[in-house]
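This report introduces the structure shown below to a reader who has not met it before. It treats the pairing of strands, the surroundings of the ligand, the spaces in the protein and some features of the backbone.

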Amino acid sequence: MNHLMNTYSRFQIVLEHGKGTLVWDREGKLYLDFAAGIAVNILGHSHPIVLKALKDQAKKLIHCSNLYWNEPQMKLATILSENSIGGKVFFANSGTEANEAAIKLARKYGRRISPEKYRILSAKDSFHGRTYGSLSATGQEKYQRDFTPLVNGFDYFEFNNIDSLRLKISKEVCAVIVEPIQGESGIQVATKTFLQEVRKLCDEFDALLIFDEVQSGMGRTGKLFAFDHYGVKPDVLTLAKGLGGGIPIGAVIASERADVFEPGDHGSTFGGNPLACSVGIAVMESLLTEGFLERVQELGNSLKKGLQEVKKRYQEKVKDIRGIGLMIGIELNNISAKDFAERCVQNGLLVAVAGNNTIRLLPPLTVKKSQMKEAIQVIRKTLEEF
Ligand SMILES: *Cc1c(COP(=O)(O)O)cnc(C)c1O
């Protein structure tokens, strides 16, 4: 008898162990893992660097609460700040919690200017998480419908449509939150002019610009953060997924201007615990190793090229290939993404679904070139079956 709540429509396999980009189920069947725990296992499964960080830190101190300082937390904050937007870091345990912190930060920032400055704008089709603040920012009816009333003061603009944002923004807006690449809704990539104009509007109305890089960050796009492709810096950056290489951790980074929390404003029992932060340090140091991100770019380019060829061959079934680096969406034509993903799993390839008709490929950043070729082969084979 299954005692788990019915919150996920799961693939009917039970995963047991993994190594690199490979993972095995309970029956011993082998899969190529191109979902990577939804962009989480960025160094692959059981990476020695992750294991070492965990083992070394677990022997010393696993948890100590934020009543005290701990060195891994301080060190990871420094690495993150110095390699992103400067400023200060708050640690949480997940993406939604990182966004909750960002939302509270924005509200406090606004409150210091005017009691009416509390509105927060986010994009339609965005995804920011499942807790009430983040859910209120998530511009998708299907996630919100059964859970109203939501938090007050949220409104939505159209992604990649600056006029739509211009119509909504006002002096009462304290923050605009955007994913530079929308993940859950099908790998929708922001245009450069759009993000540049969003930045300008935020400056004009003294609103904080929050980039939710929970999925697009941590080297996924071949740069440390997706915003590095755009030359547009946010005031607040939220991270999670890949940051702990599989261990739960989230972070919000606030530039000097946005760093308005004072003691008592926010907190977390587990956030910033030494175990998670030690792995975070190991992951960040790996990404910053010379040549690592360049390799991700190369792999991403060749994966995209390979898929473009597949698209040419199966024009009537594949509508679009999009994305940057190792964050690639395959939009299908008249094929249910869920059905397609099920068949991929049967054929030995784990992929993630995004929206109704898009397959997401988010392999570990350590994926081998030969494994990418194999994955493309499985996708071809699966396309043949539809
Ligand atoms: C996954 C995701 C979240 C939520 O993260 P959780 O760790 O599941 O709470 C938020 N924003 C984006 C862009 C995400 O992809």
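In which sense do β2 and strand β3 (residues 30–33) pair, and over how many bridges? The two strands pair in the antiparallel sense, and three bridges join them. The model from which this is taken is a predicted one.

**The open sheet**

Strands β2 and β3 belong to an open sheet of four strands, whose order is β1-β2-β3-β15 and whose pairing is mixed. The edges are held by β1 (15–19) and β15 (349–350); each has a single partner strand, so one side of each is left without a neighbour in the sheet.

The pairings can be followed along this order. β1 pairs with strand β2 (residues 22–25) in the antiparallel sense over four bridges, and here L15 has D25 of β2 as its bridge partner. In the pairing of β2 with β3, V23 stands opposite Y31 in β3. The hairpin of β2 and β3 has four residues between the strands, and in this hairpin G28 takes a positive phi near 90°. β3 and β15 pair in the parallel sense, over two bridges, with L32 opposite L349 in β15. As a general rule, the side chains of a regular strand alternate between the two faces of the sheet.

**The ligand and its shell**

Which residues surround the ligand? The shell consists of S94, G95, T96, N99, F127, H128, E179, D212, V214, Q215 and K241. By class, these residues divide into two nonpolar, six polar and three charged. Helix α4 (residues 95–111) gives the most to this shell, with three residues.

Polar contacts of the ligand are set out in the table.

| Residue | Atom of the residue | Atom of the ligand | Distance |
|---|---|---|---|
| F127 | polar backbone atom | nitrogen | 3.2 Å |
| D212 | N or O atom in the side chain | nitrogen | 2.7 Å |
| K241 | polar side-chain atom | oxygen | 2.6 Å |

Taken alone, the ligand exposes 380 Å², and the protein buries 82% of that area. The ligand thus has nitrogen atoms in contact with F127 and with D212, while an oxygen atom of the ligand lies 2.6 Å from K241.

**Pocket and cavity**

Empty space is shown by rolling a probe the size of a water molecule over the atoms. The second largest pocket holds about 900 Å³ of space. Its lining comprises 28 residues, of which W69, Q73, V89, F90 and F91 are the closest to the centre of the pocket. Two or more residues of the lining come from each of α3 (71–82), β4 (88–92) and β12 (250–254). Among the elements, α3 gives the most to this lining, with five residues. The classes in the lining are 13 nonpolar, 11 polar and four charged residues.

How many cavities of 30 Å³ or more are counted? The count comes to one. The largest cavity has a volume of about 40 Å³. Its lining is made up of H63, C64, S65, N66, N70, Q73, T269, F270, G271, G272, N273 and P274. Three of the lining residues are nonpolar and nine are polar, with no charged residue. Q73 thus appears in the lining of the largest cavity, and Q73 is also one of the residues closest to the centre of the second largest pocket.

**Features of the backbone**

Where is a cis peptide bond found? Such a bond joins T148 and P149, with omega at about 0°. P149 is located in the loop between α6 (141–144) and β6 (154–157).

Another feature concerns I38, which has a positive phi of about 60° although this residue is not a glycine. I38 is part of helix α1 (residues 36–39). A positive phi is also taken by G28, in the hairpin of β2 and β3 described above.

Notes. Residues are numbered from 1 along each chain as its sequence is written. This is a predicted model: local features need pLDDT of at least 70, side-chain atom pairs count only at pLDDT 80 or more; totals for chains, interfaces and linings use all residues. Side-chain values use heavy atoms; hydrogens and water are left out. On a 1 Å grid over the protein atoms alone, a cavity is a set of points where a 1.4 Å probe fits but cannot get out, and a pocket is an open set with protein on both sides within 12 Å along at least five of seven lines; lining residues have an atom within 4 Å of a point. Grid points are joined across faces, edges and corners, and a volume is the space filled by probe spheres set on the points. Ala, Val, Leu, Ile, Met, Phe, Trp, Tyr, Cys and Pro count as nonpolar, Asp, Glu, Lys and Arg as charged, and the others, Gly among them, as polar. Two strands pair if DSSP finds at least two bridges between them. A residue is near a molecule or strand if one of its heavy atoms lies within 4 Å of it. A polar contact is a pair of N or O atoms within 3.5 Å; within protein, one must be able to donate a hydrogen and the other to accept it, and residues adjacent in sequence count only if both atoms are side-chain atoms. Accessible areas come from the Shrake-Rupley method with a 1.4 Å probe; for residues, only the protein chains shown count as cover.
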